[in-house]
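Subject: Structure for your review

Dear colleague,

Please find below the structure that I am handing over to you. My notes on it follow directly after.

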Amino acid sequence: MKEKLAINGGKSVRGENNPLPEIFPREIPDNAYKYVKEVLDSGFTSKVQEKFELAFAKACNTKYAIAVANCTAAVHSALAALDIGPGDEVVTSPITDYGSIAGILAQNALPVFADVDLRNGNITAENIKKVITPYTKAIVLPHWWGLMCDMEPILKLTKQKSIALIEDSCLTPLATYKGRMSGSMGDIGCFSFEGIKHLCTEHGGMVITNSKKLADKVRKFAIKRGSEEKQNYGRVHTSFGLNYRFNSLSSAVGLAQLEVLSHQNEHRRKLGAILNQKIKNIPGVIPLYIPEGCDHIYWLYAIFLDLSYFKTDLWTISKAMNAEGLKGISPAPYYFVPDSHTYLKDRFHLYGNTDCPFNCHLGKRKIKYSVQNTPNAKKLIGKTLRWIFTDKYTKKDIDDIALILHKVLGYYLRNH
């Protein structure tokens, strides 16, 4: 007999008196207090932000790092540094966040969506190649869920086509691909320090690169607002730029978080691998495919369901799991950008009442955005449940999460 679910009046696996750990409150390393005090004691003349940039660049095995306001600012600054503009096309993933798209449109360029690998939700070289045109100037490559993309074929493709590569590494700080650091393999890498990310400063981001030219251009655009210093004059704005600056107090917290991030990532890897094993044989669960050499550091834990196995829908299943104590698990249709970013379809809510950049006189071709253009992404998002993973879990917590998944999915299982 199937055990009565908590949502139907049964006993929950983890109740209010014994909740699973959630990402908040964040655990703050002791050194954060020391570094913040250093900033305050210096009257904001401390070099903590410079220390954070240098330490982050070193951790990512790159020469340069520039701290900025957030990852959206990081991606925008990267595109600006690469001189992306009207008429240019930028390939990216249809399963991602606003931050991967905003900078493309801010530069009056056009996003083009490559379909994803149905087994894990990352875009692939094969699908990128299908949408490249003579007008493709760059790729913004999100490593989704916290799983590294299969980089070798993508790097080979960008080299063959002379296309710039921006790694959107906001979910993979210090993750690796065959020994190489996330963000270090493309022309530019971009990171997020938002409150729920692996490395948390509440807000913030970072741009990394091995190119001095690109690093200087990012600083000019995002920090100096397009200005240069002219002798016997002062500041001259020689190009357009924005105020995307970071701050010293957040840098102090970021520097302390960076010191413990590798350990936290390793804990996430181990816990994620344990949970993978515990749920892989549940009928109707499709394991997330991790390509050889691709690190997964689990910002989100995602499960894919073959709904033909179950007698209800994703939302009902997720509500039952929440009632059992797995708070925050849900479908996430809004990650499917061609559907959730409605301005791509109505085309009149970007630049006043115009339809720029979609119908710009500098554009080379008209692009129609449709959910049907990326069928794998549409299908995958329709069978995905996910929640924010945390390194605060213990092995007992993982056991209970697995129990919740078994209990709820077993309850709703059809008789096959």
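The notes below treat the two sheets, the helices that lie on them, and two helix pairs.

Please bear in mind throughout that this is a predicted model.

The seven-stranded sheet

An open sheet of seven strands runs in the order β1-β9-β8-β5-β4-β2-β3, and its pairing is mixed. At the edges stand β1 (64-68) and β3, each with a single partner strand, so one side of each has no neighbour in the sheet. On average, neighbouring strands of this sheet are turned by 25 degrees against each other, direction ignored.

The two ends of this sheet can be described in turn. At one edge, β1 and strand β9 (residues 205-209) run antiparallel and are joined by five bridges. Within this pairing, Ile66 has Val207 in β9 as its bridge partner. At the other edge, strand β2 (residues 89-92) pairs with β3 in the parallel sense over four bridges. Here the bridge partner of Val91 is Val112 in β3.

In a regular strand, side chains alternate between the two faces of the sheet. Is strand β3 (residues 110-113) covered on one face or on both? Both faces are covered: Leu110 and Val112 are buried on one side, and Pro111 and Phe113 are buried on the other.

Helices on this sheet

Helix α7 (residues 212-222) lies across β1, β8 (188-192) and β9, and runs at about 15 degrees to β1. The buried residues in α7 are Leu214, Ala215, Val218, Lys220, Phe221 and Ala222; a lysine, Lys220, is thus included in this list. These buried residues pack against β1, β8 and β9, and also against α3 and β10 (227-230).

Helix α6 (residues 151-161) has Met151, Ile154, Leu155, Leu157 and Thr158 as its buried residues. Viewed down the axis of α6, these fall within an arc of 160 degrees, so they line one face of the helix. The face turned away from this buried side carries the exposed residues Lys156, Lys159 and Gln160. What do the buried residues of α6 pack against? Their partners are α5 (125-131), β4 (136-142), β5 (164-168), β6 (176-177) and β7 (180-181). After α6 comes Ser162, with a positive phi near 55 degrees.

The three-stranded sheet

Three further strands form an open sheet in the order β12-β13-β14, with antiparallel pairing. Its edge strands are β12 (285-286) and β14 (384-388), each of which pairs on one side only. Two bridges link β12 to strand β13 (residues 300-305) in the antiparallel sense, and Val285 has Leu305 in β13 as its bridge partner. Between β13 and β14, which also run antiparallel, there are five bridges. Tyr301 stands opposite Trp387 in β14.

Why can β14 be called largely enclosed by the rest of the structure? Four of its five residues are buried, so the strand is largely enclosed. Helix α9 (residues 314-324) lies across β13 and β14 and runs at about 30 degrees to β14.

Two helix pairs

Helix α2 (residues 48-59) and helix α8 (residues 248-279) have axes that come within 8 Å and cross at roughly 35 degrees. This crossing is left-handed. From α2, the contact involves Val48, Gln49, Lys51, Phe52, Ala55, Phe56 and Ala59; from α8, it involves Ser248, Ser251, Ala252, Gly254, Leu255 and Leu258. By class, the contact of α2 with α8 has eight nonpolar residues, four polar and one charged.

The axes of helix α3 (residues 71-81) and helix α4 (residues 98-106) likewise come within 8 Å, crossing at roughly 35 degrees. Here α3 passes α4 in a right-handed crossing. On the α3 side, the contact residues are Thr72, Val75, His76 and Leu79; they meet Tyr98, Gly99, Ser100, Ala102, Gly103, Ile104 and Ala106 in α4. The residues of this contact divide into six nonpolar, five polar and no charged.

Yours sincerely

Methods: Residues numbered from 1 in each chain as written. Predicted model: local features only at pLDDT ≥ 70, side-chain atom pairs only at ≥ 80, totals over all residues. Heavy atoms only, no water. Axes fitted to C-alpha atoms, helices over the stretch in contact; angles between N-to-C directions. Left-handed = near helix turned anticlockwise from the far one by under 90°. Contact = heavy atoms within 4.5 Å. Nonpolar A, V, L, I, M, F, W, Y, C, P; charged D, E, K, R; others polar. Buried < 20%, exposed > 50% of the residue type's maximum accessible area, 1.4 Å probe, protein only. Arc of directions from axis to C-beta. Pairing = 2+ DSSP bridges.
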